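Please look over the model below. The report that follows walks through its helices, sheets, cores and loops.

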Amino acid sequence: MKLKKTAASNSFNYIWLLRKIFPYIKPCLNRILINFLIALPLGLLDGVSAFAIKPYIDCAINENDFKFQIFGRNFVLTGLEITYILPIGIVLFATFQGILRYLNSYISSWTSRKITNNIKSDLYEQLIHMHPKFFDENSSGIIVSRYINDPNTASNGIIEQLKTMITSLFGSIGLIAVMLYSSAKLAIIGIFVLCAAFIPVLLLRKRIKDASNKNMIINGNIIGHINQTHGGNKVIASYSIQHKQKYDFNEEIQKAFNINMSLTKRTAWMSPLMHLIASFGIAIVLWYGTFLVNSNQITTGSFASFIASLLLLYKPVKTLGNTMTNMQKIFVALGRVFELFGLESEINEIKNPVTLSDLNHSIKFCNVVFEYDNNRPVLKNINLEIKKGETVAIVGSSGSGKSTLVNLLPRFYDIKSGSITIDDVDIRNITLNSLRNNIAMVFQDNFLFSKSIKENILLAKPDASDDELFLAIHSANLFDVISNLPDGIDTIISERGLTLSGGERQRIAIARAILKNAPIVILDEATSALDNKSEAMVQKAMANLMKDKTVFIIAHRLSTIQNADRIIVLEDGRIIETGCHNELTKVGNSRYRMLYEMQFQNIKTLSRNPLADEFTK
Ligand SMILES: Nc1ncnc2c1ncn2[C@@H]1O[C@H](COP(=O)(O)OP(=O)(O)OP(=O)(O)O)[C@@H](O)[C@H]1O
Ligand SMILES: [Mg+2]
């Protein structure tokens, strides 16, 4: 499920888009309607100023009376009265328009931000429930680009553009009405030219979509590049590859530049073309209008009013053109956003899942076959039964599938065939939450959140009492770490836990697992970053806590697992040996004995070195 591959195929399927966005618009419908009602007079008021020119020129300047009817009653204003009333009226109108404009901006900003937040929140909800393979397949950059940038572009823009569109549309309608009132003949020419000016906008859709999709991918790569600069800063520095990184970065931003320039090259002619068409319109109108005035078919005031409307019309029409182009960009982003909602986690629950409350008898792996990529099995026909309370160690060379095997139990990945059962219930029939609540995991590279140490440990059990927290910290041998930190247990860990040493991070993760107090414990190289002294202390504490627990332990350092009830040797995805330490070391040519002797040899070699004292302590 590569995000790069699903991009905006439904963007111009307006019904589909409307159906998708409607649930988000619905709660804000009142506000949106009010805003449209405000936009209506706001647009129309433009026409009022143009309309006022006619009586001003015909009556105030030429000193005629201005007669008009309101609800069937006749009114007369003298030229002098008009001279005072009209300018004051225009200022009052502008004030009124200003207030409406403020309200309009405020409400539209409120609604669009609310809609964006709701969409982002739902997208995030969907993202955190995605299966791990989704995160294996999609880079962090693409995820930021699709889950943050697209919704920003899409929903922030849509209401804003709709607001502008409505204001401009009503503005245009108001001005066109004034034009029609001033002179129908001239107005028809004007309207015809306007319609012609819009044709180019419709030709741009596909180009905008292609460019926007390419931009999304490149922006994702650029964000990914920055993320990698952050995460890999020491590797970059130690290999002095800053120039290579910069070269790659420049290549990406150059690609973005080229795409945008190519789009500009192909679309920037639209605005000048619209200007050109409009200038033809103005030229024809000027010529024909002069003729109509000279032949007394219309008054000078009407002509002035018409010209003012035509010139005022230019702005809303241009805005409408831009809005239509922007709307296409928004549709493309919206299409991509709503496609994300179509993605589903591959790790699903069945209809009526069972809740797992505890482990009572055993965990069984039956003919388990697993592959990350099709036709490349990583685990081949695994059969294994672990009794409650048993400690099973998994050893084997790097890449043999040890981590993969234990990752199947909390269903980070689903198996291809066979079954994994807990107390004879297939784990696929158990609720994901209850399954995972029964498993405490500690990994080699433990992720810590940029929160305080206390919060990181409490993730396992937010309502833990102080005594429980104290016990977990004590058992994980964390006190010396905490006492050296400025704010003790409330010290905030920097992003990805980088201000702590590897061993310190592992001990926090161990404390977290201890606090979780789950019946099944998985330790994947959990103590590899601890020195021998800390490991011995942590192991002693963990031994107490692992009592009566069912434990899977993966460790390269075989001294760690000698006391396991059973040791499983995994090679190339198959279990090749099973037995306890004594049984396996007795078999002359066992793989385990070979691994063990190799490590023992290393220790003997080291013991001729003064540092070995520290190592073997
Ligand atoms: N997320 C993944 N996507 C695709 N292949 C993977 C993934 N994780 C591991 N693999 C592959 O699966 C195989 C088993 O990996 P696994 O991590 O289980 O090995 P391991 O025995 O834990 O090794 P190590 O001792 O180095 O931790 C390897 O060939 C590895 O390349
Ligand atoms: Mg591993």
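## A helix pair

How do α10 and α11 run relative to each other, roughly parallel or roughly antiparallel? This is a predicted model. In it, the axes of α10 (residues 270-294) and α11 (residues 300-341) come within 11 Å and cross at roughly 170°. Angles over 145 degrees count as roughly antiparallel. The two helices are therefore roughly antiparallel to each other.

Several residues make up the contact. From α10 come Met274, Ala278, Ile282, Val285, Gly289 and Val293; from α11 come Thr300, Phe303, Phe306, Leu310, Tyr314 and Gly321. By class, nine of the contact residues are nonpolar, three are polar and none is charged.

## The six-strand sheet

An open sheet is built from six strands, in the order β8-β9-β10-β5-β11-β12. Its pairing is mixed. The edges belong to β8 (439-442) and β12 (574-579). Each of these has a single partner strand, so one side of each lacks a neighbour in the sheet. From one strand to the next, the twist averages 15°.

At one edge, β8 pairs with β9 (residues 520-524) in the parallel sense, over four bridges. Within this pair, Met441 has Ile522 of β9 as its bridge partner. Helix α17 (residues 502-516) lies across both β8 and β9. Its direction is at about 170° to β8.

## Two nonpolar cores

The largest nonpolar core holds 65 residues. Ala393, Ile394, Ala511, Ala513, Ile522, Ile553 and Ile567 have the most contacts inside it. Helix α17 gives the most to this core, with seven residues. Ile553 shows how distant parts of the chain meet: beyond its neighbours within four places in sequence, Ile553 contacts Thr391, Ala393, Leu523, Ile561 and Ala564.

A second core is separate and has 26 residues, including Met179, Leu194, Met274 and Ala278. Met274 and Ala278 also take part in the meeting of α10 with α11. As a general point, nonpolar side chains tend to be buried together in soluble globular proteins.

## β3 and its two partners

Strand β3 (residues 362-371) pairs with β4 (residues 377-387) in the antiparallel sense, over seven bridges. Here Val368 stands opposite Ile382 of β4. Five residues lie between the strands of this hairpin, and Asn375 takes a positive phi near 60° there.

Strand β3 also pairs with β6, again in the antiparallel sense, over five bridges. In that pairing, Val369 stands opposite Ser417 of β6.

## Loops with positive phi

Which surroundings does Arg411 have, buried or exposed? Arg411 sits in the loop between α12 (402-408) and β6 (417-422). Its phi is positive, about 60°, although Arg411 is not a glycine. The cut-off for buried is 20 or more other C-beta atoms within 10 Å. Arg411 has 21, so it is buried.

Asn517 lies in the loop between α17 and β9. Its phi is near 50°, a positive value in a residue other than glycine. Asn517 has 16 other C-beta atoms within 10 Å and is partly exposed.

Asn477 follows just after α15 and takes a positive phi of about 60°. In helix α15 itself (residues 466-475), Ala472, Ile473 and Ser475 are buried.

Conventions
Residues numbered from 1 in each chain as written. Chains lettered and ligands numbered in written order. Predicted model: local features only at pLDDT ≥ 70, side-chain atom pairs only at ≥ 80, totals over all residues. Axes fitted to C-alpha atoms, helices over the stretch in contact; angles between N-to-C directions. Parallel < 35°, antiparallel > 145°, perpendicular 65-115°, else oblique. Contact = placed C-beta atoms within 7 Å. Nonpolar A, V, L, I, M, F, W, Y, C, P; charged D, E, K, R; others polar. Pairing = 2+ DSSP bridges. Buried ≥ 20, exposed ≤ 12 C-beta atoms within 10 Å, placed from the backbone. Core = buried A, V, L, I, M, F, W, Y, C linked by C-beta atoms within 7 Å.
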